[in-house]
Amino acid sequence: MEAAYEWARGMSFANIAALTTDTQEGIIVRCILRISDVLKNIATAAILVGDTELKLKLQTAVELIRRDIVFAASLYF
């Protein structure tokens, strides 16, 4: 959880990998991807119940998370 929080705050992936020495990089990436999916699903639910303030907060969180190497289409060209 700390890794995802620091990622959203703008920490580089190299620093996050160093912060979580007992966790493989692929697991960190997978967790961040899943958190992004969960945030999108909750934002959709917020729209359905009419909570636009929550939807906007969740969209902001998704924008903070969706960046750099974690969301690259492929590391191999």
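**Entry 1: the chain overall**

I started with burial: 25% of the 77 residues in the protein chain count as buried. A reminder to myself that this is a predicted model.

Next I looked up the secondary structure and found four helices and zero strands. Read from the N terminus, the elements go α-α-α-α.

For overall dimensions, I took the box along the principal axes: the C-alpha atoms of the protein chain fill roughly 40 × 30 × 15 Å.

**Entry 2: surface, contacts and charge**

Then I turned to the surface. The protein chain exposes about 5,600 Å², and carbon and sulfur atoms supply 59% of that area.

How much of the contact set joins residues at least 24 apart? I took the contacts between residues at least 6 apart in sequence, and 53% of them do.

I also checked the charges. The protein chain has 8 positive and 9 negative ones, and their mean positions lie 5 Å apart.

**Entry 3: Glu-6**

On to single residues, beginning with a glutamate. Glu-6 sits in helix α1, which covers residues 2-8.

Is Glu-6 buried or exposed? I noted a relative accessibility of 13%; Glu-6 therefore counts as buried, because that value is under the 20% cut-off.

Which residues does Glu-6 touch, leaving aside those up to four places away in sequence? My list reads Met-11, Ile-16 and Leu-19. Of these, I see that Ile-16 and Leu-19 fall in α2, given its range of 13-19.

**Entry 4: Glu-2**

I stayed in helix α1 for another glutamate, Glu-2. Here the relative accessible area is 49%, so Glu-2 is partly exposed, as the exposed class needs a value over 50%.

I then asked where Glu-2 stands with respect to Asp-68. The two are 66 residues apart in sequence, and their C-alpha atoms are 18 Å apart in space.

**Entry 5: Thr-23**

My last stop was a loop residue. Thr-23 has its place between α2 (13-19) and α3 (25-49).

Its relative accessible area came out at 27%. Thr-23 is partly exposed because this value lies between the 20% and 50% cut-offs.

How far apart are the C-alpha atoms of Thr-23 and Ala-4? I wrote down 13 Å, for a pair 19 residues apart along the chain.

**Recap for my own use**

Side by side, my three residues read as follows: Glu-6 is buried at 13%, Thr-23 is partly exposed at 27%, and Glu-2 is partly exposed at 49%. Both glutamates belong to helix α1, whereas Thr-23 is in a loop.

Terms used
Residues numbered from 1 in each chain as written. Predicted model: local features only at pLDDT ≥ 70, side-chain atom pairs only at ≥ 80, totals over all residues. Heavy atoms only, no water. Helix = DSSP H or I, 4+ residues; strand = E, 2+ residues; numbered from the N terminus. Buried < 20%, exposed > 50% of the residue type's maximum accessible area, 1.4 Å probe, protein only. Contact = heavy atoms within 4.5 Å. Areas by Shrake-Rupley, 256 points an atom, 1.4 Å probe, with all protein chains shown as cover. Lys, Arg positive; Asp, Glu negative; His and termini not counted. Charge placed at Lys NZ, Arg CZ, Asp CG, Glu CD.
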